[in-house]
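Here's a quick tour of one model, with a few spots worth a look along the way. Pull up the structure and follow along.

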Amino acid sequence: MLRLVGAGRFILFMCGQLGVNLVARFFFQWLTYFADKGGRVDGDADVATGAVFTAAAVSAVFLGFRVFDAVTDPVAGTLSDAWVRRGRQRRSLLWLSFFMPSIGLAMIFAPTASMGPALAWTLLCVGMLVFFVGYTLYAIPYWSLVDDYSQGDADRRRWLSNLLGIGVLLATGLGFGVSPMLVESLGFYRAALAFAGPAALLMILPYFASPPPRADRPAPKPIEAGDEPGPIEAFRVAFRDRAFLSAVLLFSGAQMAFTVITGAAAFIVTRLLGGSEGDVALLLGPLLLVSIVSLLGVPTAARRYGWRRVAGFGAVALAIVYMASATLGMALIGSPLTTAAVVFALAGPMVAILVGLEGEAVAASAQATGEEVTSVYFGVFNLVVKGLNGVALALQGALATLASGPMGTTAVRLMGLVAGVLLLAGMAASALVRPRSRA
């Protein structure tokens, strides 16, 4: 690995994924709670914002911005690829947006009850706009650097893709482990600043991870002015690529399943195991730790067996583990909680496979076209994943409602089964659309 990207470039490139996911994790983890009960520490008093916002109203605004965010992904991809076609370096786009998600995060969590409703809502809405625009303009070009920095070297591309997975898991661990302590001690606004400042610094570091240029690397195909595909045409081109669409469906199923199972963790702990909300870390902690360690072996496995075969194995095995979570509550290994921690840890290697190969799958699909469409493919991939994740959240919400009603623990057990079914459904859909051979 060190020979491929260098120890310094390894760290610098991964920092971007860590930074952008730190602000995203804080935002998604705390927005609804902040709107309902939140506030910030002003002196010794916690100023609640519940008098200004309601969770339902903020969630509705969030949904609107989430749709806007998804729709703009292919647009950002088109602009990024056009930038490269005209002879510019894609990494220079990072300078235009690396600071925006952090500014947006600070604005979102700035309102207090002492503000008038107009000012509070303006800060919240403008903050969301800045956050989502900055996130899209940063993430799509940044993820596309997997292809740019690999310079046609398949092994290097696998490692760079793996670094994206490591960044996601590290940010998730910090979000679950550190942000609650910061919110409790500093309040939401100062805790958001504690995440936003370091995240902005981390997000510009991938610019300096560029390897020395290769003289034998072919230049992008030149285009005439006005011949660049627009966002709609780029969207159509991506969806005509059945090999790419097959990859999208496979990893979308994995993302949906992960959304459901992480949401189910609190219900499993409190309803099936008799623990408290604080014990959720005892399930997700082993999962994240094993996943991060397992990521080190993913590029080797992908090189030996091919990313598609490895990802398929990971999806099937992970579906089995997720479905096994429906049986939790028994003391097979020590206490019921220990048994559950072992089951979640068993999911770690497969989670590592799926998060570590996403970037490889998208970049390899784009590279196979022979065109400069890497950012467009990442944009379309992100659009589909976000849309289907919305479906997964709706399913999780419905099951949570049933768990609070007459179905009780039965609905909690269904969460693991649903996660497994989503994985298998994504794999089946992927197999149906995948072409036998690629022209």
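Start with the burial scale: a residue is buried under 20% relative accessible area, exposed over 50%, and partly exposed in between, using a 1.4 Å probe and protein chains only. By that yardstick Leu395, at 34% relative accessibility, is partly exposed.

Before going further, keep in mind that this is a predicted model: local features need pLDDT of at least 70, side-chain atom pairs count only at pLDDT 80 or more, and totals for chains, interfaces and linings use all residues. Residues are numbered from 1 along each chain as its sequence is written, and side-chain values use heavy atoms, with hydrogens and water left out.

Back to Leu395, which sits in helix H17 (residues 374-403). Helices here are DSSP runs of H or I with at least four residues, numbered from the N terminus. Leaving aside neighbours within four places in sequence, Leu395 is in contact (heavy atoms within 4.5 Å) with Val418 and Leu422. Its C-alpha atom is 9.9 Å from that of Ala419, which is 24 residues away along the chain.

Now for the charged side chains. Side chains of opposite charge can pair when their charged atoms come close. Here a salt bridge is a side-chain nitrogen of Lys or Arg within 4 Å of a carboxyl oxygen of Asp or Glu. The whole structure has 8 of them, including these:

| Pair | N to O distance |
|---|---|
| Arg90 and Asp81 | 3.0 Å |
| Arg303 and Asp155 | 3.8 Å |
| Arg157 and Glu360 | 2.9 Å |

The Arg157 pair spans a long stretch of sequence: Arg157 lies in helix H7 and Glu360 in helix H16 (residues 348-368), so the bridge ties together parts that are 203 residues apart. Both Arg157 and Glu360 are buried. Arg90 and Asp81 are buried as well.

Turn to the Arg303 bridge (3.8 Å). It links helix H13 (residues 298-305), home of Arg303, with helix H7 (residues 154-177), home of Asp155, and the two residues are 148 apart. Arg303 is partly exposed at 42% relative accessible area, and Asp155 is also partly exposed, at 25%. Elsewhere, Arg66, Asp69, Asp73 and Lys386 are linked in a network of salt bridges.

What does Arg91 do for contacts, being buried yet without a salt bridge? Its side chain makes a polar contact of 2.8 Å with the side chain of Gln89, and also reaches the backbone oxygen of Tyr207 at 2.6 Å. (A polar contact is a pair of N or O atoms within 3.5 Å; within protein, one must be able to donate a hydrogen and the other to accept it, and residues adjacent in sequence count only if both atoms are side-chain atoms.) Not counting residues up to four places away in sequence, Arg91 touches Leu145, Tyr149, Tyr207 and Ser210. The nearest side chain of opposite charge, Asp148, is 8.5 Å away; Lys and Arg count as positive and Asp and Glu as negative, while His and the chain ends are not counted. Arg91 belongs to the loop between helix H3 (55-85) and helix H4 (94-97).

Last stop, helix H15 (residues 336-346), where Val342 is found. Val342 is partly exposed, with a relative accessible area of 31%. Buried residues of H15 include Thr339, Ala340, Ala341, Val343, Phe344 and Ala345. Their cover includes helix H11 (242-272), helix H12 (281-294), helix H14 (307-324) and H16.
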